[in-house]
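Please open the model in your viewer and keep the selection box handy. We will go from the whole chain to single side chains, one stop at a time.

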Amino acid sequence: MASKARTLFLVSLLIMVVAVVGPIAAEAQLGIISGLLGLINVHGTVFCTANGNMGANGTATPVFPNAGVQLQCGSTIISTTTTNAAGVFSILLDPLRFILTTLLNDCSVRVTTPLSTCNATLPSVGGILSSPLQFVGDILVGLLRVTQLVPTGFNLLPPNSNNN
């Protein structure tokens, strides 16, 4: 019986540590006030297709690993990242620096790595993939509110395009 109580105590302690350390780590990166307000997370998956989207009817579609991804507002690049081995990217933003309506109306996610990198039959030179953003909701991580934004669907833009 004492072993069960001890295990329950340790699990409870671990949960409390995770709930406290997660928001503290976010605050360390973006400042204590931002940690109190929340974060904005722009995230999604890039697929290895001519338009960067999943195949029709949910068919098996390979992902685009190690692809360069940018968050661009107007002609300004706000942040850059790289997709992981599963084609997933995530960009965290401080809500004190970015207004949600501006992100939704004036910003886009762009994949800058040539498509031929993931599939030799796709163009090696040419345009980039671009997608506007969509609000999908807020989640709570401990006491931290995280606003979730995702690409609505990628389109291939012509070379040297600076349009959103």
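What follows is a walk through a predicted model, with something to select at each stop.

**The whole chain**

Start with a cartoon view of everything. You should find 3 helices and 8 strands, and if you trace them along the sequence the order reads α-α-β-β-β-β-α-β-β-β-β. Now switch to a surface: the chain exposes about 9,500 Å², with carbon and sulfur atoms supplying 63% of that area. Of the 164 residues, 34% count as buried. If you like contact maps, here is a number to go with yours: among contacts between residues at least 6 apart in sequence, 58% join residues at least 24 apart.

**The nonpolar core**

Next, select Val 42, Leu 71, Leu 93, Leu 103, Val 109 and Val 111, and show their side chains. These are the residues with the most contacts inside the largest nonpolar core, which has 23 residues. Which elements give two or more residues to this core? Colour strands E1 (39–45), E2 (68–73), E4 (88–93), E5 (107–111) and E6 (129–141), and you have them. As a general backdrop, nonpolar side chains in soluble globular proteins tend to be buried together.

**Two disulfides**

Now select the cysteine sulfurs; the count comes to 2 disulfides. Begin with Cys 48 and Cys 118, whose sulfur atoms are 1.9 Å apart. This pair links distant parts of the chain, since Cys 48 sits in the loop between E1 and E2 and Cys 118 in the loop between E5 and E6, 70 residues apart. Look down the S-S bond: its torsion is about 95 degrees, so this disulfide is right-handed. Are the two partners buried or exposed? Cys 48 is buried, because its relative accessible area of 6% falls under 20%. Cys 118, at 25% relative accessibility, counts as partly exposed.

Move on to Cys 73 and Cys 107, with sulfur atoms 1.8 Å apart. Here the bond ties strand E2, home of Cys 73, to strand E5, home of Cys 107, and the two cysteines are 34 residues apart. With 105 degrees about the S-S bond, the link of Cys 73 and Cys 107 is right-handed. Cys 73 is buried at a relative accessible area of 14%, and Cys 107 is buried at 3%. Number the bonded cysteines in sequence order and the pairing comes out as 1-4, 2-3.

**A buried serine**

Select Ser 131, which lies in strand E6. At 0% relative accessibility, Ser 131 counts as buried. What does its side chain reach? Draw two distances: one to the backbone nitrogen of Thr 152, at 3.0 Å, and one to the backbone nitrogen of Gly 153, also 3.0 Å. Then expand the selection to the neighbours. Leaving aside residues up to four places away in sequence, Ser 131 touches Ser 108, Val 109, Pro 151, Thr 152, Gly 153 and Phe 154. You have met Val 109 before, among the residues with the most contacts in the core.

**An exposed isoleucine**

For the last stop, select Ile 99 in the loop between E4 and helix H3 (100–106). Is this isoleucine buried or exposed? At 57% relative accessibility, Ile 99 counts as exposed, because the cut-off for that class is over 50%. Finally, add Ile 40 to the selection: the C-alpha atoms of Ile 99 and Ile 40 are separated by 9.8 Å, with their positions 59 residues apart along the chain.

Note on methods. Residues numbered from 1 in each chain as written. Predicted model: local features only at pLDDT ≥ 70, side-chain atom pairs only at ≥ 80, totals over all residues. Heavy atoms only, no water. Core = buried A, V, L, I, M, F, W, Y, C linked by side-chain atoms within 4.5 Å. Buried < 20%, exposed > 50% of the residue type's maximum accessible area, 1.4 Å probe, protein only. Helix = DSSP H or I, 4+ residues; strand = E, 2+ residues; numbered from the N terminus. Contact = heavy atoms within 4.5 Å. Areas by Shrake-Rupley, 256 points an atom, 1.4 Å probe, with all protein chains shown as cover. Polar contact = N/O pair within 3.5 Å; in protein donor to acceptor, adjacent residues only side chain to side chain. Disulfide = S-S within 2.5 Å.
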